[in-house]
Amino acid sequence: MSLLIIEGVDVTHSRLVELTNLADQAEAFYDWVEGRFQAVLSRTDSLDEILKSSSQAKIKKAITNCYTANQAEGLPLLFDGVGRSYPHTKACYYFFSWLIRDAPQQRLGPLIGRMVKNSRRRRSEIEIAVLASLICKYRPNVKTFSWEAVREVIIDRLEGSRRSIKGHEKEAVVRTALLAAFQSYFAAHSDYGIFVGVEITDKQVMIGSESFDVSVNLLDGSGQCLRRILVPIKTRETEGGGHSHLFTRDIRSAINAARRDNEYDYLVVVIVARNWSHREAEVLREQVDHVAIFDMSPGDWSCFSNNEQERLNAFIASVLNGSMLPKINAN
């Protein structure tokens, strides 16, 4: 990302770039909800118009359809401030809450919990009833449910989520890039290719003594993981290529651990460092399924460049359409 320098002072707003990049990936979820509402209510107008004009019963019916959508149909992702995907019903709850109510976890959630204790209905049924009621009650105040307005709300919610999650900055950048790649494929095909679903996990994966900062589960129709994408992230503050070989050795150790655990996992390596050795980079490209290298200080790294994002999009597309298999015999 280019810097904005005025009178010798850096006023770059990198956090805004990070959050808007992440929020933009939620548009696929918004479009999916709009399509479900149109199909269920036999309407062709926008989600904004439908939410502003439909009866509470119809809105409740359409929200229920979103909640109960079949995983086998292919479902888009919604995520927190560091790019960790939510389970589908939780994603629906947050999405519709963000349209009409602040703090769905801290404030609305406890109220719904009290309702659940006082009722024999399932929590999801109560959530849907509450969300439909809130939309109808307060839509005159909200005035619009257009994507442009919802995007601003999502940016605010993601910022709050990110503030509450410390120490995950580099993982957030990678998860955002992966989300962009998966959402790009979903937007083009309305599915995840040979897989039924995708789950971007909420924590590091440990295999033996090796840690993988980010991982993605590629799911079948029953929600079982068929294959994984494992992502170690390597950063180096100092310039010079002298430590590249040591980093490559560390990555190779991670590769060996992953292959022993499951030879069908995909391995993606992300490196952020000044003057990384070109020779070591080529060695890595032969050993793993995808490599993204950023020639910069980790402190300046806030997003994937356009070129690296396009390369990642192409890699993810080849995984999803089945044209690329893991390099199980790399040495």
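The paragraphs below lead through the helices, salt bridges, empty spaces and cysteines of this structure. The model is a predicted one.

Helix H2 offers a starting point. The helix covers residues 27–41, and at 1.5 Å a residue its 15 residues should span 21 Å; the C-alpha atoms at its ends are 21 Å apart, so expectation and model agree. A number of its residues are buried, namely Ala28, Phe29, Tyr30, Trp32, Val33, Glu34, Arg36, Phe37, Val40 and Leu41. An α-helix has 3.6 residues a turn, so residues three or four places apart point the same way. After H2 comes Ser42, whose phi is positive, near 55 degrees.

The charged side chains come next. Side chains of opposite charge can pair when their charged atoms come close. Across the whole structure, a search finds 14 salt bridges. In one of them, the side chains of Arg151 and Asp24 meet at 2.6 Å, N to O. Arg151 belongs to helix H8 (residues 147–163) and Asp24 to helix H1 (residues 14–24), so this pair ties together parts that lie 127 residues apart in sequence. Asp24 is partly exposed, its relative accessible area being 31%. The pairing also extends further, for Asp24, Arg151 and Glu152 are linked in a network of salt bridges.

Another salt bridge joins Glu127 with Arg123, and here the closest N and O atoms are 3.1 Å apart. Both residues lie in helix H7 (residues 123–142), where Glu127 and Arg123 are four residues apart, about one turn of the helix. The two partners fall into separate classes of accessibility: with a relative accessible area of 9%, Glu127 is buried, whereas Arg123, at 36%, is partly exposed.

A further salt bridge is formed by Lys170 and Asp213, with the closest N and O atoms 3.8 Å apart. This pair links distant parts of the chain, since Lys170 is in helix H9 while Asp213 is in the loop between strand S5 (210–212) and strand S6 (214–219), 43 residues apart. Lys170 counts as partly exposed, at 28% relative accessibility. Asp213, by contrast, has a relative accessible area of 7% and is therefore buried.

A contact of another kind brings in the loop between H9 and S3, which is the place of Ile194. This residue is exposed, because its relative accessible area is 53% and the class begins over 50%. In sequence, Ile194 and Leu320 are 126 residues apart, yet in space their C-alpha atoms are separated by 5.8 Å.

The empty spaces of the model may now be considered. Rolling a probe the size of a water molecule over the atoms shows where empty space is left. The largest pocket has a volume of about 800 Å³. It is lined by 36 residues, and those closest to its centre are Phe79, Asp80, Tyr86, Lys90 and Tyr94. Two or more residues of this lining come from each of helix H5 (88–100), helix H6 (104–117), H8 and strand S3 (197–200). H8 gives the most, with seven residues; this is the helix that also holds Arg151. By class, the lining of the largest pocket comprises 15 nonpolar, eleven polar and ten charged residues.

Enclosed space is also present. How many cavities of 30 Å³ or more does the model contain? The count comes to one cavity. The volume of the largest cavity is about 30 Å³. Its lining is made up of Val174, Leu178, Val231, Val268, Val270, Phe304 and Leu312. Helix H9 (169–189) and strand S9 (266–272) each supply at least two of these residues. In terms of class, the lining of the largest cavity has seven nonpolar residues, with no polar and no charged ones.

The cysteines complete the account. A disulfide is a covalent bond between the sulfur atoms of two cysteines. The search of the whole structure finds zero disulfides. Are Cys225 and Cys303 buried or partly exposed? Cys225 has a relative accessibility of 38% and so counts as partly exposed. Cys303 counts as buried, because its relative accessibility is 18% and the limit for that class is under 20%.

Conventions
Residues are numbered from 1 along each chain as its sequence is written. This is a predicted model: local features need pLDDT of at least 70, side-chain atom pairs count only at pLDDT 80 or more; totals for chains, interfaces and linings use all residues. Side-chain values use heavy atoms; hydrogens and water are left out. A disulfide is a pair of cysteine sulfur atoms within 2.5 Å. Buried means under 20% relative accessible area, exposed over 50%, partly exposed in between (1.4 Å probe, protein chains only). On a 1 Å grid over the protein atoms alone, a cavity is a set of points where a 1.4 Å probe fits but cannot get out, and a pocket is an open set with protein on both sides within 12 Å along at least five of seven lines; lining residues have an atom within 4 Å of a point. Grid points are joined across faces, edges and corners, and a volume is the space filled by probe spheres set on the points. Ala, Val, Leu, Ile, Met, Phe, Trp, Tyr, Cys and Pro count as nonpolar, Asp, Glu, Lys and Arg as charged, and the others, Gly among them, as polar. A salt bridge is a side-chain nitrogen of Lys or Arg within 4 Å of a carboxyl oxygen of Asp or Glu. The expected span of a helix is 1.5 Å times one less than its number of residues.
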